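User: I am new to this structure and would be grateful for a close look at its sheets. Please describe how the strands are arranged and paired.

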Amino acid sequence: MLSTKTLYLLYLSTGFAVGFGHCIGMCGPIVVTFSLNLKEKSIFFPQLLYHLGRITTYVALGGLVAAAGSLTMVAAHIASLQKGVMVFSGVFIVFMGLAMAGWLPISRIFADYSSPRGWISRWFGRLLKIKSNIAYLPLGLLLGLLPCGPVYTALLGSARAGMDAGSAYHGLLAGMGLMGAFGMGTVPALFLVAAVADMGWLKSRAIIYKTGAILMMVAGIIFIIRAFRF
Amino acid sequence: MKHLRILLGAALLTAFLLAAPGLISAGDKYQEMINCDLHAGPCTLALSENAVTLEVIPRPVKAMQDLLFRVTLTEKLPHSTVAPYIDLGMPGMNMGPNRVQLKAVGDLVYEGRGVIVRCPSGRRTWQATVTLPDGGQTRFIFDVIY
């Protein structure tokens, strides 16, 4: 049997490999949405908070699965919730695409709030600006529930680690730790995608920006269709 | 002009919504690699001097449920103390390591429990790579019900 340290390293490297091989394709549209919508703002803290939220959910799921000693049991209970999250993320991406393209007169919830007039607007604008970064944390917490093959596979390992541990407490810690390591491993790939989408020349050209918005809408619709087929 | 643009947009969106499910399912180009129908029963593949039979129970084979994997060989392994194992994955997609460790339950029969996870992409073609220690590997590619 592998030592605990080796298992953590294995999960970290698995997350890293899966991040580049799988997450870019499946979760790329979400981080690209954030990047494009943040416009001139730095993507670093919003993305960091989003991933922190996502990893926190993985850790919680890891603990839950390890305590239950079964992935299938937990997955059966959260399946409908995951479906809802998938629909939500699809609708979210479509709405963001519509807002970016200027086809939807809604304020950009996670973007800059320009030219507020009057002190109430200014104050509200500042408040929203603070919220705009913080909002990425609950968003990450929620989207961490998105159904994902490699996450399920990692959870299988957490369930086994939970069963192999000497006590329920150690099993819980092992499950949480392994999912934390896995989640951290997936961050570099998604940060890279976000950084590429954040490139100045990409955002400064209206036609590219609008094309990006349309592609986002398409990605969002695919998310929704997949959710209903899930 | 504005109404025309809205109508055109709505038509494009409707066309996409109607076409997308077909496009998504057509994306599973790996279906043609399927060499085994595990829903129907056990499958046998040759591996040098040995013949490896894989059976998955219960049938039909569904994702996200506890499954029993049974491997039967026709010849004894060179190092009979080391049991074979199965790596589950999808062709062309990294799903992370998912190994089913098998235990000998008979002279040439090995069993282990595992789960085939569900991929939200909708792709249902999976592969079970059976490894015989010092005896090589063989890949069973099959359909899974989601």
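Analyst:

**The sheets of chain B**

Strand 1 of chain B and strand 2 (residues 50-57) of chain B run antiparallel and are joined by 5 bridges. Here strands (E, at least two residues) are DSSP runs, numbered from the N terminus, and two strands pair if DSSP finds at least two bridges between them. Within this pair, Cys43(B) has Leu54(B) in strand 2 of chain B as its bridge partner.

The model is a predicted one, in which local features need pLDDT of at least 70 and side-chain atom pairs count only at pLDDT 80 or more, while totals for chains, interfaces and linings use all residues. Residues are numbered from 1 along each chain as its sequence is written, and chains are lettered from A and ligands numbered from 1 in the order in which they are written.

Strands 1 and 2 belong to an open sheet of 5 strands in chain B, ordered 1-2-3-7-6 with antiparallel pairing. Strand 1 (43-47) and strand 6 (103-104) of chain B are its edge strands, each pairing on one side only.

Chain B also has an open sheet of 4 strands, in the order 5-4-8-9, and its pairing is antiparallel. Strand 5 (99-101) and strand 9 (136-143) of chain B each have a single partner strand, so one side of each is left without a neighbour in the sheet. From one strand to the next, the twist averages 20 degrees; axes are lines fitted to C-alpha atoms, and angles run from 0 to 180 degrees between N-to-C directions. Strand 4 (residues 85-89) of chain B pairs with strand 5 of chain B over 3 bridges, in the antiparallel sense. Ile86(B) stands opposite Val100(B) of strand 5 of chain B.
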